[in-house]
Amino acid sequence: MNRYLWMGALVGSLMFTQISCTPPGAVTPPANPEAAEEKAETTEPLAAPAEPLAADQLPAAAGEGKTAAEPAKPVEVPEFLKKAMTLPEDKSANSLAAFLKSVNEPTEENMQSMQEAMTAIQTMPREQAMELMTGVQKAQGDAANLLLACADATSEQLKMAMRLKMDEILNGNEDPAPKLEALRADFEKRNLDEMVWTVEMYQPLLSFRQFYMDKKLDEFIDKVTANLDRAKGKKWISLDIVGIYMQLLMNLEGEVSNDKLMAFCASLKGAMEGCEEERMTMISKQLDGVVKRLNLAGSPMEFAAETLEGKAFDLDSLKGKVVLIDFWASWCAPCMEEMPNLQAAYEKYRDKGFEVVGFSLDEDMDALKKCIADRKISWPIVVKSKVEGAVDPTEAYAIAGIPTLFLIDKDGKVISTNVRGKLDEELEKLFPMTEEEKAAIPNVDLPAVETEEATTTEAIPAPVAEEAKPAEEAAPAAEK
């Protein structure tokens with residue numbers, strides 16, 4: 001777990017799953033997008049484990065900006081942190097599991113203590129914060145190892161320890177495969193079939209980077225799909241694994257064929273059969289949306305929206321034109337980076353019969369209107385329809401990251417649901433132009449509007465579990 005700040009662990013060890021498996025219907029941006037933790041995931045290939053954070057990377061703020069004459073004073077350590085660093089005297093499975101749960105799982109009882117601990121650690125001198133985080137990580141790691149060795153530990157207790165152990169192995173080793181195999185072999189000797197299976201679900205993912213570099217992603221997705229097929233009916237797949245496989249799906253979209261992606265979705269959904277957890281049902285519904293989107297080419301899309309004035313918007317009114325649907329938001333830095341490309345394409349092809357419709361996910365209408373004015377956006381901007389029962393396309397097609405660009409032909413049928421980075425290429429095929437026509441296109445005068453450094457795709461913010469809402473308010477979804 002050493003590449004994550006300890007405060008991230010405070011909001012629950014399922015945070016990664018929540019980020020990766022955000023249902024597409026959640027469109028409310030973070031209350032403070034600039035400060036939101038882990039604001040946007042990236043669509044870069046799954047990377048090798050990161051090195052442990054150096055002291056100068058820690059965000060403990062109190063020690064920063066102090067001169068030598070003004071050394072930061074240590075902050076009183078909250079009782080919650082003291083307990084988080086101290087293993088229970090009783091090393092039974094129940095006691096160790098209770099310790100890990102009290103530190104990692106937000107409940108009504110400990111939520112305030114967690115918030116106080118996060119506030120304290122952010123205001124501590126750097127050295128004190130480093131020492132505390134190291135101590136908490138070590139205590140959690142030791143407890144997880146002791147719990148995994150308990151012969152009477154229940155399946156749920158082992159899974160809890162397993163999450164921390166996997167963090168330790170995957171993020172603390174340049175080559176995690178040998179330790180992962182040793183863990184699997186140990187479980188096999190103890191006849192812990194469910195835990196053996198859990199490790200085996202992780203193992204194929206370790207080869208992703210090599211397959212990506214070798215440009216053998218078709219072979220890779222076949223491999224992981226076959227592994228998922230083995231899980232069908234076992235009822236052992238966990239939210240952690242589902243979250244990782246969902247992020248993998250988002251990374252692979254556009255890299256492999258839709259047929260292979262749909263087979264992957266079917267296998268993942270099959271592996272989840274029988275799991276009664278509410279989030280599994282939510283993710284299963286999201287997979288249905290992904291499949292629906294992957295099958296959309298050549299068919300009309302379901303689309304309900306309204307203008308900023310609250311009037312119904314009729315997409316069919318644009319039949320006869322090639323239409324780009326841009327799912328975006330004013331708070332989305334990658335959307336702002338994409339905007340000049342859309343404006344250039346709009347100026348180049350609008351007289352040929354090209355139209356853009358911006359479907360904004362903004363909740364703050366003032367911020368949206370200011371962005372439209374600053375960016376001189378001249379195409380129609382629409383928002384989610386407030387009509388009861390109206391189809392929200394972000395939910396219907398499991399749009400989990402923005403900007404997402406759908407291209408629709410003159411008959412109202414979808415050409416592609418993924419033209420980001422390929423828009424010019426598609427439009428050149430649809431609107432062939434002579435060199436003279438290209439030379440006559442005026443340059444686009446774009447306003448200079450500064451944005452944050454953008455990742456590849458901004459994630460649509462995640463809804464949060466009711467019991468964990470205060471700490472997870474700003475947690476975004478994973479990216480496509």
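In the predicted model, E306 lies opposite V383 of strand 5. This pair belongs to the contact between strand 1 (residues 305–307) and strand 5 (residues 381–384), which are antiparallel and joined by three bridges. Strand 1 also pairs with strand 2, again in antiparallel fashion, through two bridges. Here A305 has F313 in strand 2 as its bridge partner.

Strand 5 is further joined to strand 4 (residues 354–360) by two bridges, and these two strands run parallel. Within strand 4, G358 stands opposite I381 of strand 5. The connection between the two strands passes through helix 16 (residues 365–375), giving a β-α-β crossover that is right-handed.

These pairings form part of an open sheet of seven strands, in the order 2-1-5-4-3-7-8 and with mixed pairing. Its edges are strand 2 (312–313) and strand 8 (414–416), each of which pairs on one side only. In general, the strands of a sheet pair through backbone hydrogen bonds and may be parallel or antiparallel.

Two helices that pack on the sheet are described here. Helix 16, the helix of the crossover, touches strand 3 (322–328), strand 4 and strand 5. The direction of helix 16 makes about 160° with that of strand 5. Helix 18 (residues 423–430) also packs on the sheet, where it touches strand 3, strand 4, strand 7 (404–408) and strand 8. The angle between the directions of helix 18 and strand 7 is about 5°.

The cysteines were examined next. A disulfide is a covalent bond between the sulfur atoms of two cysteines. The model has one disulfide by the distance rule applied. It links C332 and C335, whose sulfur atoms are 2.5 Å apart. The link between C332 and C335 is right-handed, with 80° about the S-S bond. Both partners are buried: C332 has a relative accessible area of 0%, and C335 has a relative accessibility of 3%.

For C371, the closest cysteine sulfur is that of C335, at 9.2 Å. Because a disulfide requires sulfur atoms within 2.5 Å, this distance is too far for a bond. C371 lies within the residue range of helix 16, residues 365–375, and counts as buried at 9% relative accessibility. C265 is likewise buried, with a relative accessibility of 2%.

Note on methods
Residues numbered from 1 in each chain as written. Predicted model: local features only at pLDDT ≥ 70, side-chain atom pairs only at ≥ 80, totals over all residues. Heavy atoms only, no water. Pairing = 2+ DSSP bridges. Helix = DSSP H or I, 4+ residues; strand = E, 2+ residues; numbered from the N terminus. Right-handed = clockwise from strand over helix to strand, strands pointing away. Buried < 20%, exposed > 50% of the residue type's maximum accessible area, 1.4 Å probe, protein only. Contact = heavy atoms within 4.5 Å. Axes fitted to C-alpha atoms, helices over the stretch in contact; angles between N-to-C directions.
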